[in-house]
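Visitor: I have a structure open in front of me, and I would like to learn how its features are read, one after another. Could we begin with the cysteines?

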Amino acid sequence: MGAEINAELEHVRNYWANMKCNSPIYDFLLGDINIVSATKGQIIAHLKVFPVHFNSKKTLHGVVSSCIMDWAGGMAIASTGLDNTGLSTDIHVTFVSTAKEGDLLEIESKASKVGASLAFTTVEIRHAGEGGKVVAHGTHTKYIKR
């Protein structure tokens, strides 16, 4: 998983490091996330599931999946070179399956369009590895001011 560190990956990792310091909820839920690759408009990250991510059934809580959608959409926008990823205007999450403690999740986010005032992203959370089972997928729209 040693991705080549290109300009986009460096920018997204720096953006995340700065954001994490200012967002207690992101730091709490996603502090261990690892951004493994980035190209213009797309990122891939990994997150290991821990008890802090659980619901009462000891599986991945829906609010964590929703938080990942929010975070990943912003990171895909950041991969286009922006230093401000805007404000969420719409997030849709479809919960397909779940994950349990120790599972490694792969998060893939793509910026479909980054315009003058709106950005549109798609996000998929799946179990890492070839043929990984989808946990959740969704869309995220953000207002960006340029």
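Guide: Let us start with the cut-off, because a disulfide is a pair of cysteine sulfur atoms within 2.5 Å. Please keep in mind throughout that this is a predicted model.

Visitor: How far is the sulfur of C21 from the closest cysteine sulfur?

Guide: The closest cysteine sulfur to that of C21 belongs to C67 and is 16 Å away, which is too far for a bond. A search of the whole structure accordingly gives 0 disulfides.

Visitor: Is C21 buried or exposed, and is C67 buried or exposed?

Guide: The idea is to look at the relative accessible area, where buried means under 20% and exposed means over 50%. C21 has a value of 68% and is therefore exposed, whereas C67, at 10%, is buried.

Visitor: Which residues touch the most other members of the largest nonpolar core?

Guide: A core is read by asking which buried nonpolar side chains are joined to one another. Here the largest one has 32 residues, and those that touch the most other members are W16, L30, I33, W71, M75, I107 and I125. The elements that each give two or more residues to this core include the helices α1 and α2 and the strands β1, β2 and β4, while the largest share, 8 residues, comes from α3.

Visitor: How can I judge whether the length of α3 agrees with what a helix of 17 residues should span?

Guide: One takes 1.5 Å a residue and compares the expected span with the distance between the end C-alpha atoms; for α3 the expected span is 24 Å and the ends are 24 Å apart, so the two agree. As for its surroundings, 13 of the 17 residues of α3 are buried, so this helix is largely enclosed by the rest of the structure.

Visitor: In what sense do β1 and β2 pair?

Guide: Strand pairing is read from the bridges between two strands. β1 and β2 pair in the antiparallel sense over 5 bridges, and one of the bridge partners is easy to find, since S37 is matched with I44 in β2. The two strands form a hairpin with 2 residues between them, and G41 in the turn has a positive phi of about 90°.

Visitor: With which sense does β2 pair with β4?

Guide: That pairing is antiparallel as well, over 7 bridges, and within it A45 stands opposite I107 in β4. Because 5 of the 7 residues of β2 are buried, this strand is largely enclosed by the rest of the structure.

Visitor: Which residues does I107 touch, leaving aside those up to four places away in sequence?

Guide: Among them are I33, I43, I44, A45, I68, A72 and I125.

Visitor: Is S109, which is also in β4, buried or exposed?

Guide: S109 is buried, with a relative accessible area of 0%. Setting aside residues up to four places away in sequence, its contacts include G41, Q42, A72, G73 and T121. A polar atom of the S109 side chain lies 2.9 Å from the backbone oxygen of A72.

Visitor: Where is K58, and what is its phi?

Guide: K58 is in the loop between β2 and α3, and its phi is near 65°, a positive value in a residue other than glycine. With a relative accessible area of 58%, K58 is exposed.

Conventions: Residues are numbered from 1 along each chain as its sequence is written. This is a predicted model: local features need pLDDT of at least 70, side-chain atom pairs count only at pLDDT 80 or more; totals for chains, interfaces and linings use all residues. Side-chain values use heavy atoms; hydrogens and water are left out. A nonpolar core is a set of buried Ala, Val, Leu, Ile, Met, Phe, Trp, Tyr and Cys residues joined through side-chain atoms within 4.5 Å. Buried means under 20% relative accessible area, exposed over 50%, partly exposed in between (1.4 Å probe, protein chains only). Helices (H or I, at least four residues) and strands (E, at least two) are DSSP runs, numbered from the N terminus. Contact means heavy atoms within 4.5 Å. The expected span of a helix is 1.5 Å times one less than its number of residues. A polar contact is a pair of N or O atoms within 3.5 Å; within protein, one must be able to donate a hydrogen and the other to accept it, and residues adjacent in sequence count only if both atoms are side-chain atoms.
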